[in-house]
Structure formats: C-alpha cells, structure tokens
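Trainee: I would like a close look at the interior of this protein. Please take me through the packing there and the empty space left in it.

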Amino acid sequence: MSKPQPNVLNWEAAARLNIAENGEVLVPTSGCAAWLTRPVYHADGLPNALPDVWVRAGVYDRLRMAARALPPGYRLVLLDGWRSKALQQALYQKIRSDVAARHPEASAPEIDQITMQFAAPPSDSQTRHSPHVTGGAIDVTLADETGAILPMGSGFDEPSARSWTDAAVGSPEVERRHLLCQAMFQAGFTNLASEWWHFDYGNWVWAVAAGQPAAFYGPTSLPEGCLKI
C-alpha cells in the first residue's frame, strides 16, 4: 500500500477559527431548473438520507451562479448537501468499510487516515465538525444536456487516489473537472483537494482555504416541521 496522504481537513485550524453564525436557513434544491437534484444517498438507501438536497440560502444563490457559468452542453448535478449527524455516521462507516476492503493489508490507524481523506467522522463539536453539517458543503458533478451523468475520472465517493481533484486521469475527465472547478470557483466556492466533487462556501473549510478570518456557517438543523427521511 502506498503511504497515506495527510489529512486534507485542517482540524487544528478549525479549532482556532471563529464562527460568526449568520442564521441563514436551509432550503431544498429540487425544482430549480438551473440544475439537476439527485440525492445520491437517498437513492442508495443509506440510513437517514434525505429525499432532497438541502443547502444554506446563500449556497443556493451561488449554485445558480455556478450553473450559469458552465459552457453549453453541460448541466450541474447536485448529489448531496446538508447531512445530519446520523447520516454522517452511516457514511463514515460505509467509506471506512470500502477503504478496508481496498487495503486488506492496512492497519486500523492507516484505514482511519485514508478514510478521513474522504469522510469526516461524526462529531457534536462546534469547532471540529463535518463541513456538511453546516449546510455550506455541496457535492456536485456534471451531466450532459440529456441529464446523463458524465465520467469524471473516478466514481463519486470513490476512496482512491483517482478522486483527488488534480489526479492524472484521461484528458476528457480532466477537462470536465476543470470546467466544474472553474464554474464553482467563479461562484465563490473552494474545493476539497481529495474530492473533485466536494465544494464549500461559508463554513470553516471554506474560511481556511480562502484565508478568511471567520466562517459564517456553523452546525445547523433542518427547519422545524420539514420532512427528515
């Protein structure tokens, strides 16, 4: 097994960063013609997954900007946004199992280290929390004009070196990753280096990557009365 990459989530920086929560609500994304909403974990039957993709209102507005920035022939696809702690727990265990199956020779600490490149452990901490629990993290991909998902060089949530955004893959896939990143960057998002599909805005991951003095999205919950499963 190759040496595990260092953790891409800077937990030490997260613990030092101030979060000036702005109180924006979570909003559903389905029904918007600017993109396709395909909640992947609900489709896969993961426990506690939602039948819609929820994001902060400011993220919703910036996703519209990103969708408009794509060239003709491409459509933005939203796969996942806000997650509950229960869903984060289920996802972390799923990816850890995938990593263990891919690396049967790895020790438990090595499996944990690789897993944390692709999924944050669930936490109740106000400073060391999963970016998705803020509603400021979004997982996206690209489709063609017909809505068919396009190859991007690795599978979504594939816990391998192929999933790193700058991984050396075939040229069509590299070009699509560049198009996706350019559109998302233009809208103000940052990208997680180990996941070509993961982008952040307003949360601590974004603040650290963008050199901002504070984040304005902390852990949040669905509005009261919303459908939760």
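Mentor: What follows covers the nonpolar cores, one buried histidine, the cavities and the cysteines.

The model is predicted. Begin with the largest nonpolar core, which has 39 residues. Those with the most contacts inside this core are Leu63, Leu76, Ile138, Leu180, Met184 and Phe189. Two or more residues each come from helix H3 (57-69), strand S5 (75-80), strand S6 (137-143), helix H6 (171-186) and helix H7 (204-210). H3 supplies the largest share, five residues.

Met184 is a useful place to look from. Neighbours within four places in sequence left aside, Met184 is in contact with Leu63, Ala66, Leu76, Ile138, Val140, Phe189 and Phe199. Of these contacts, Leu63, Leu76, Ile138 and Phe189 are also listed among the residues with the most contacts inside the core. Another core, of 21 residues, lies apart from this one, and its members include Val40, Ala49, Leu79 and Ile95.

Next, consider His198, which is found in strand S8 (residues 198-200). His198 has a relative accessible area of 2%, so it counts as buried, the cut-off being under 20%. Its side chain makes a polar contact with the side chain of Asp200, at 2.8 Å. Again without the neighbours within four places in sequence, the residues in contact with His198 are Pro131, His132, Ala137, Ile138, Asp139, Thr190, Asn191 and Leu192. Ile138 is thus a contact of His198 and a contact of Met184.

Now the empty space. Rolling a probe the size of a water molecule over the atoms shows where such space remains. Three cavities of 30 Å³ or more are found in the structure, and the largest has a volume of about 110 Å³. This largest cavity is lined by 18 residues, and the closest to its centre are Phe118, Ala119, Ala120, Glu195 and His198.

The cysteines can be dealt with briefly. Cys32 has a relative accessible area of 10% and is buried; Cys181, at 8%, is buried too. The structure holds zero disulfides.

For contrast, take Pro172, placed in helix H6, one of the elements that give residues to the largest core. Pro172 has a relative accessibility of 41%, so it counts as partly exposed, between the limits of 20% and 50%. The C-alpha atoms of Pro172 and Val27 are 34 Å from each other, with the two residues 145 apart along the chain.

Notes
Residues numbered from 1 in each chain as written. Predicted model: local features only at pLDDT ≥ 70, side-chain atom pairs only at ≥ 80, totals over all residues. Heavy atoms only, no water. Core = buried A, V, L, I, M, F, W, Y, C linked by side-chain atoms within 4.5 Å. Buried < 20%, exposed > 50% of the residue type's maximum accessible area, 1.4 Å probe, protein only. Helix = DSSP H or I, 4+ residues; strand = E, 2+ residues; numbered from the N terminus. Contact = heavy atoms within 4.5 Å. Disulfide = S-S within 2.5 Å. Polar contact = N/O pair within 3.5 Å; in protein donor to acceptor, adjacent residues only side chain to side chain. 1 Å grid on protein atoms, 1.4 Å probe; cavity = no way out; pocket = protein on both sides within 12 Å on 5 of 7 lines; lining within 4 Å. Points joined across faces, edges and corners; volume = space filled by probe spheres on them.
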